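Please take a moment to look over the sequence and the fold before reading on. The paragraphs that follow go through the structure step by step, from single residues to the strands and the helix.

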Amino acid sequence: MPHHSIDDLIRLFDNRFLNTHNTCLVCCEEEPIYRPADHAFPHHRIIFAHGFFASALHEIAHWCIAGKERRLQEDFGYWYEPDGRSVERQAAFEKVEIKPQALEWIFSVCADFPFVFSADNLSGGVGVSAAFQENVHQQVLTYLEKGLPKDAQAWAKTLLNQYRPQTTLGTLSPCAFEMRRD
């Protein structure tokens, strides 16, 4: 397995998107957040938590989905309810996390990095549901069949070039996207 340095990930992202999208990848705050450019900072910033490689991939996935207008709003204008969500609020959270976690899974495979589903609800007592896992898996398969969003495609290619040279999305083994039943 290759070495997964956050410094390399930042360099890769910034080389790919800073000039074209005025967006950079930034480490490390307590909580991940997206901040658009403002009078104090000339670049949009995807800020990931604690220096975690997976956090960076996940936040990049949100950015890839957000679109031009949402990228002008802090945290893309999405609601976020912190840890401790009820079963009902967790279900709403899972609904909006299907596409980002599907892209994160694809990015993880491209980077030869383990993917783990996230409920992001440690103190809520509600973990990742089997239905959520299946929905994310189905979205991965849809993306692989119908194509990724443009920026997600470019990022996947960048990751493949760095971590799995001579590999394309089309040549990745289907078993890389199999559901693991524990």
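## Cysteines, strands and a helix

Cysteine 64 has a relative accessibility of 6%, and because that value is under 20%, this residue counts as buried. Keep in mind, as you follow the rest of this account, that the model is predicted. Cysteine 24 can be judged by the same kind of reasoning, since its relative accessibility of 12% also makes it buried.

Two further cysteines are described in another way. Cysteine 27, at 24% relative accessibility, is partly exposed, and cysteine 28, with a relative accessible area of 42%, is partly exposed as well. These two residues, cysteine 27 and cysteine 28, are joined to each other by a disulfide, with a distance of 1.4 Å from S to S. When the whole structure is searched, one disulfide is found. Its handedness can be read from a torsion: about the S-S bond of cysteine 27 and cysteine 28 this angle is about 60°, and therefore the disulfide is right-handed.

From the disulfide the path leads on to the strands. Strand β1 covers residues 23-29, and it pairs with β3 in the parallel sense over six bridges. Cysteine 27 takes part in this picture, for its bridge partner in β3 is phenylalanine 48. Strand β2, made of residues 33-35, also pairs with β3, but here the sense is antiparallel and there are three bridges. In this case isoleucine 33 has isoleucine 47 as its bridge partner in β3.

How many of the residues of strand β3 are buried? Strand β3 runs over residues 44-49, and six of its six residues are buried, so that the strand is described as mostly covered. The covering applies to both faces of β3: His44, Ile46 and Phe48 are buried on one side, while Arg45, Ile47 and Ala49 are buried on the other.

Two of the residues in β3 lead on to a helix. Serine 55, which lies in helix α2 (residues 53-70), touches Phe48 and Ala49, and it also touches Pro32, when residues up to four places away in sequence are not counted. Is serine 55 buried or exposed? Its relative accessible area is 13%, and because this is under 20%, serine 55 is buried.

Finally, serine 55 lets you set distance along the chain beside distance in space. Serine 55 and glutamate 104 are separated by 49 residues in sequence, while in space they are 9.2 Å apart, taken from C-alpha to C-alpha.

Key:
Residues numbered from 1 in each chain as written. Predicted model: local features only at pLDDT ≥ 70, side-chain atom pairs only at ≥ 80, totals over all residues. Heavy atoms only, no water. Disulfide = S-S within 2.5 Å. Buried < 20%, exposed > 50% of the residue type's maximum accessible area, 1.4 Å probe, protein only. Helix = DSSP H or I, 4+ residues; strand = E, 2+ residues; numbered from the N terminus. Pairing = 2+ DSSP bridges. Contact = heavy atoms within 4.5 Å.
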